[in-house]
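I opened my notebook to go through one protein structure, a topic at a time. Have a look at it with me before reading the entries.

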Amino acid sequence: MLETLTVQDSVELAVVERSGFIESRHAGAAVVLSPEGEVVARHGNAEALILPRSSLKPLQAVACLTAGAVLEGEQLALSTASHSGTDRHAEVVREMLTAGGLNEDDLACPPAWPSDSATRDEMVREHGQEARVRMNCSGKHAAMLRACIATGWPVEGYLEPTHPLQAHIRDVIERLTGEKMAHTAIDGCGAPVYALSLTGLARAIHRVGTASERSPFALHRVAGALVKAVRENPWTIDGPGRPDTIAIERLGVFAKGGAEGVMVMVAPNGTTVALKMLDGGARASTIVAATLLARAGGLSEADVTALAEALPLAVLGGGSRVGVVRPGAGI
């Protein structure tokens, strides 16, 4: 059976400090690429296989665009989002579907409550129900459906690994990563997700994050447009007050977290990081990624310090701050 990095492959990426006592540690692996795409730092086994989970969405979105999905602005940004299900998110996803002659019933992602607590509370008060459009991956699924409509592929079964859309997505991922996919798994939303190395993921995200809308190559043009749309609409990719959105707003980075402690981040100058928390916890992934970018010269230390204050990293005791989640000795 294939598996991800082991405990022995990992280093300490973050710690949880409470009242001057290290209470917990997050181990894992990370790799940093220069603006030119060269590896400049490895922490732990960066060649180990991982499942990127939602950090794969930028590559899936690029594939949908090259398959013919025509999306711009907020809709384009939502195609790569793990959104919090606010009314605004849901409305844009509905617009994506309507423009393709589709509706919410065409989505094959499972129904869900929004992860935004205020929106969920309001839905409960109004006797609302779980909905597919509120599921955090609904933007990705809407983009997949739009690609099927544009290309003439069947909408039915669009999540099957053998469907022409998924075959195309896999081909694009292999082109961007420079790797053959080692294993196919099924993500939480029902879409295929592939095992690849952490270095391969970093390489692909670097190519997407540094692409130009003026490139002579269509793949790079759509990647450049995607990243621009996210940076111009940071609320789309996550949600108000949430880590990816905060990082994009404050640092101008392109950031995309994934389940089970995966994070990719590209600084404005192209410096790129990809990391995996071995325990699957995501609470430290944003600050660790930003710290690694700063140490490679991609961000200023002052900006990362300000980011840390904006993120939910405080450890509380009796309602007061008594500690913090912070980068560990392994980086």
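Below are my entries on the core, the cysteines, the pocket, two helices and a few single residues.

**Entry: the kind of model**
I noted at the start that this is a predicted model.

**Entry: the nonpolar core**
I began with the inside of the protein. In soluble globular proteins, nonpolar side chains tend to be buried together. I looked up the largest nonpolar core here and found that it has 109 residues. Which residues have the most contacts inside this core? I wrote down V253, M265, V288 and L299.

I then picked V253 and set aside its neighbours within four places in sequence. What remained as contacts of V253 were R231, A247, I248, M265, V266, A267, P268, L293 and L299. I was pleased to see M265 and L299 again in this list, as both are also among the core residues with the most contacts.

**Entry: I248**
I248 was in the list for V253, and I followed it up. I found I248 in helix 10. Is I248 buried or exposed? It counts as buried, because its relative accessibility is 3%, under the 20% cut-off. Leaving out neighbours within four places in sequence, I248 is in contact with V230, R231, P234, I237, V253 and A255. I also looked up a distance: I248 and A267 are 19 residues apart in sequence, and their C-alpha atoms are 9.5 Å apart in space.

**Entry: the cysteines**
A disulfide is a covalent bond between the sulfur atoms of two cysteines. How many disulfides does the count give here? The count comes to zero. I wanted to see how far apart the sulfurs are. For C137, the nearest cysteine sulfur belongs to C189 and is 4.0 Å away, while the cut-off for a disulfide is within 2.5 Å. C137 counts as buried, because its relative accessibility is 5%. For C148, the nearest cysteine sulfur is that of C64, at 7.8 Å, and C148 is in no disulfide either. C148 is buried too, because its relative accessibility is 0%.

**Entry: the largest pocket**
Rolling a probe the size of a water molecule over the atoms shows where empty space is left. I looked up the largest pocket, and its volume is about 520 Å³. It is lined by 30 residues, and S82, R242, G257, G258 and A259 are the closest to its centre.

Which elements give two or more residues to the lining? I listed helix 10 (243–251), strand 7 (254–258), strand 8 (262–266) and helix 11 (285–295). Strand 7 gives the largest share, three residues. By class, I recorded eleven nonpolar, eleven polar and eight charged residues in the lining.

**Entry: helix 11**
Helix 11 had come up at the pocket, and I checked how enclosed it is. Ten of its eleven residues are buried, so helix 11 is largely enclosed by the rest of the structure. Among the buried ones are V288 and L293. I recognised V288 from the core and L293 from the contacts of V253. After helix 11 comes G297, with a positive phi near 90 degrees.

**Entry: helix 1**
I asked the same of helix 1. Nine of its ten residues are buried, so the rest of the structure largely encloses helix 1 as well. Its buried residues include K57, Q60 and C64. C64 is the cysteine I had met beside C148 in my notes. Just after helix 1, G68 takes a positive phi of about 120 degrees.

**Entry: positive phi outside glycine**
Next I looked at S19, which is not a glycine but has a positive phi of about 50 degrees. S19 lies in the loop between strand 1 (11–18) and strand 2 (21–33). S19 counts as exposed, because its relative accessibility is 57%.

R53 also has a positive phi, near 50 degrees, and is a residue other than glycine. I found R53 in the loop between strand 4 (49–50) and helix 1 (57–66). R53 is partly exposed, with a relative accessible area of 21%.

**Entry: G317**
My last look-up was G317, which sits in strand 10 (residues 314–317). G317 counts as partly exposed, at 29% relative accessibility. How far apart are G317 and R18? They are 299 residues apart in sequence, and 8.4 Å apart in space from C-alpha to C-alpha. Leaving aside neighbours within four places in sequence, G317 is in contact with R18 and V322.

Technical notes
Residues are numbered from 1 along each chain as its sequence is written. This is a predicted model: local features need pLDDT of at least 70, side-chain atom pairs count only at pLDDT 80 or more; totals for chains, interfaces and linings use all residues. Side-chain values use heavy atoms; hydrogens and water are left out. A nonpolar core is a set of buried Ala, Val, Leu, Ile, Met, Phe, Trp, Tyr and Cys residues joined through side-chain atoms within 4.5 Å. Buried means under 20% relative accessible area, exposed over 50%, partly exposed in between (1.4 Å probe, protein chains only). Contact means heavy atoms within 4.5 Å. On a 1 Å grid over the protein atoms alone, a cavity is a set of points where a 1.4 Å probe fits but cannot get out, and a pocket is an open set with protein on both sides within 12 Å along at least five of seven lines; lining residues have an atom within 4 Å of a point. Grid points are joined across faces, edges and corners, and a volume is the space filled by probe spheres set on the points. Helices (H or I, at least four residues) and strands (E, at least two) are DSSP runs, numbered from the N terminus. Ala, Val, Leu, Ile, Met, Phe, Trp, Tyr, Cys and Pro count as nonpolar, Asp, Glu, Lys and Arg as charged, and the others, Gly among them, as polar.
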